[in-house]
Amino acid sequence: MLSWRAGQVKSALIRGHCDRQRYSPAVSSSRVQATLFLSLFCVAASVNLQAPLFELYVRDAGLSQPTVTFVFAAYVAGLLPIFLFFGSLPELRGARPVVLSSVALGLAATLLVLVSPTLTPLLVARLLQGVAIAIAMPAVTVWVAQVVTP
């Protein structure tokens, strides 16, 4: 299966096969929505936080502009394969663990850039950021469908 589709997710939710962890009535919808928003914000911030710093990398780390452009584009190299081949991961493993994994990957990528802003860590960080956002988007979509669907 290459990717999930909205109809498949909805039918899986109706059948009860999508997520292993069901929400109890005690968990409020607003709390889940706040968690989803915060998770998605953290992942998106980790992806975009370093973008203004790439000019400094050119100057301070001695990287050429084409090299920095290549590093910046490495994000897509992490994003596309995950979207294409692992888009159904939230259906298989559950949305919550996938969202938490994406936040952890985003945090790891940000820490990697902070610790060592040289070519190889920057490249690895951009790849990790692409993976993080690629697994976060379908997982958040599935999680929202679980909260909204009765």
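Begin with the whole chain in cartoon view and follow it from the N terminus: in this predicted model, the order of elements along the sequence reads α-α-α-α-α-α-α, that is, seven helices and zero strands. Keeping the entire chain selected, colour it by burial, and buried residues will be found to make up 35% of the 150 residues. If the surface is displayed instead, the chain exposes about 8,500 Å², of which carbon and sulfur atoms supply 71%. Contacts can be drawn on the same selection: among those with a sequence separation of 6 or more, 83% are accounted for by residues 24 or more positions apart.

Next, select helix α4, residues 65–86, together with helix α7, residues 119–148, and hide the rest. Two packed helices are described by the angle between their axes and the distance between the axes. For α4 and α7 the angle is about 35°, and the axes lie 7 Å apart, while the crossing in which α4 passes α7 is right-handed. Showing the side chains at this contact of α4 with α7 brings up 19 nonpolar residues, four polar ones and one charged one.

Now bring back the other helices and select Leu36, Val43, Tyr75, Leu79, Val99, Ile133 and Trp143, which, within the largest nonpolar core of 19 residues, touch the most other members. At least two residues of this core come from each of α2 (29–48), α4, α6 (95–115) and α7, and the most are given by α7, with nine residues. A second, separate core can be selected afterwards; it has 10 residues, including Phe54, Tyr57, Leu122 and Ala125. In soluble globular proteins, nonpolar side chains tend to be buried together.

Which residues does Tyr75 touch, once those up to four places away in sequence are left out? Centre the view on Tyr75 and display its surroundings: the residues in contact are Val47, Arg126, Gln129, Gly130 and Ile133. Of these, Ile133 has already appeared beside Tyr75 in the list of core residues that touch the most other members.

Finally, move to Arg96, which lies in helix α6. Is Arg96 buried, partly exposed or exposed? Its relative accessible area is 28%, so Arg96 counts as partly exposed, a class that lies between the cut-offs of under 20% for buried and over 50% for exposed. To end the tour, add Ala136 to the selection and draw the C-alpha to C-alpha distance from Arg96, which is 9.9 Å for two residues that stand 40 residues apart in sequence.

Notes. Residues numbered from 1 in each chain as written. Predicted model: local features only at pLDDT ≥ 70, side-chain atom pairs only at ≥ 80, totals over all residues. Heavy atoms only, no water. Helix = DSSP H or I, 4+ residues; strand = E, 2+ residues; numbered from the N terminus. Buried < 20%, exposed > 50% of the residue type's maximum accessible area, 1.4 Å probe, protein only. Contact = heavy atoms within 4.5 Å. Areas by Shrake-Rupley, 256 points an atom, 1.4 Å probe, with all protein chains shown as cover. Axes fitted to C-alpha atoms, helices over the stretch in contact; angles between N-to-C directions. Left-handed = near helix turned anticlockwise from the far one by under 90°. Nonpolar A, V, L, I, M, F, W, Y, C, P; charged D, E, K, R; others polar. Core = buried A, V, L, I, M, F, W, Y, C linked by side-chain atoms within 4.5 Å.
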